[in-house]
Amino acid sequence: MKRIAILDYGSGNIASAARALQRVGADVTVTAEFDAALDADGLVVPGVGAFAACMTQIRAVRGDRIIGRRLAGGRPVLGICVGMQVLFEHGDEHGQHTAGVGEWPGTVERLQAETVPHMGWNVVEPGEGSRLFAGIDSATRFYFVHSYAVRTWEMGDTGPLTPPIVSWAEHGGDRFVAAVENGPLSATQFHPEKSGAAGAALLTNWLATV
């Protein structure tokens, strides 16, 4: 059984994420303790609310260092919703520009759609070779609730490294990054823990990579 730590930094749907992972067979611990988060087989970084507030809370528990240390050792990390957004370099919300964890280049910005927030079920266009979406029908819908997203993928040539797999979604004609798979680092803008059978299938696929 895979040991999964959910980083408890004061934000995110921790209880529902824990239940969803337990249902697909993970041994789940909710923790803010540095060594426990570092040593688990997989780490989940949840997130709800404002980018700046989440970054303040993540730094307070040294979450940015935990993520960096894990990735340096090739140890899996999964970001969810704002937990995905903070993995990018910057967030622009309400006129406030905040530095993120910086694992990927890019800026989280307000969606340019007539109706915001984007709230409800939506399909995702999986990137070629995606393991997260393996075996999941392309018409499957996942649950989103957000007003901000990464609208432009900025990572260029990765040289000899395997390029990231980027999956997309669209809301009100505005296209945005819905998921990324980049070696041991994966993330989803939607909430797999709120996406029923579809989310369970995706979490099962992620656990298989841990």
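## A tour of salt bridges and unusual backbone spots

Start by selecting Arg151 and Asp174: these two form a salt bridge, with their closest N and O atoms 2.9 Å apart. Keep in mind that what you have on screen is a predicted model. The pair links distant parts of the chain, since Arg151 sits in the loop between β10 (148-150) and β11 (165-171), while Asp174 belongs to strand β12, 23 residues apart. Is Asp174 buried or exposed? Its relative accessibility is 6%, and buried means under 20%, so Asp174 counts as buried. Arg151 is partly exposed, with a relative accessible area of 25%. Now add Glu109 to your selection: salt bridges with shared partners join Glu109, Arg151 and Asp174 into one network.

Next, stay with strand β12 and pick Arg175, together with Glu125. Their side chains meet in a salt bridge, at 3.0 Å from N to O. Glu125 lies in the loop between β8 and β9 (141-146) and Arg175 in strand β12 (residues 174-182), so this pair ties together parts that are 50 residues apart in sequence. Both ends are partly exposed: Glu125 has a relative accessible area of 43%, and Arg175 comes in at 36%.

Now travel to Arg3 and Asp41. Here is another salt bridge, with the closest N and O atoms 3.5 Å apart. Which parts does the pair tie together? Arg3 is in strand β1 (residues 3-7), and Asp41 is in the loop between α2 (34-39) and β3 (42-45), so the parts joined are 38 residues apart in sequence. Arg3 is partly exposed at 39% relative accessibility, and Asp41 is partly exposed at 22%. How many salt bridges does the structure hold? There are five, so you can hunt for the others once the tour is over.

Time to look at the backbone. Most residues other than glycine have a negative phi, and most peptide bonds are trans. The next three stops go the other way.

- Select Arg62, in the loop between α3 (51-60) and α4 (63-72). Its phi is positive, near 60 degrees. Arg62 is partly exposed, with a relative accessible area of 38%.
- Select His94, in the loop between β5 (88-93) and β6 (96-99). Phi is positive here too, near 55 degrees. His94 counts as exposed, at 70% relative accessibility.
- Finish with Val116 and Pro117, which are joined by a cis peptide bond with an omega of about 15 degrees. You will find Pro117 in the loop between β7 (104-110) and β8 (118-123).

How values were computed: Residues are numbered from 1 along each chain as its sequence is written. This is a predicted model: local features need pLDDT of at least 70, side-chain atom pairs count only at pLDDT 80 or more; totals for chains, interfaces and linings use all residues. Side-chain values use heavy atoms; hydrogens and water are left out. Helices (H or I, at least four residues) and strands (E, at least two) are DSSP runs, numbered from the N terminus. Buried means under 20% relative accessible area, exposed over 50%, partly exposed in between (1.4 Å probe, protein chains only). A salt bridge is a side-chain nitrogen of Lys or Arg within 4 Å of a carboxyl oxygen of Asp or Glu.
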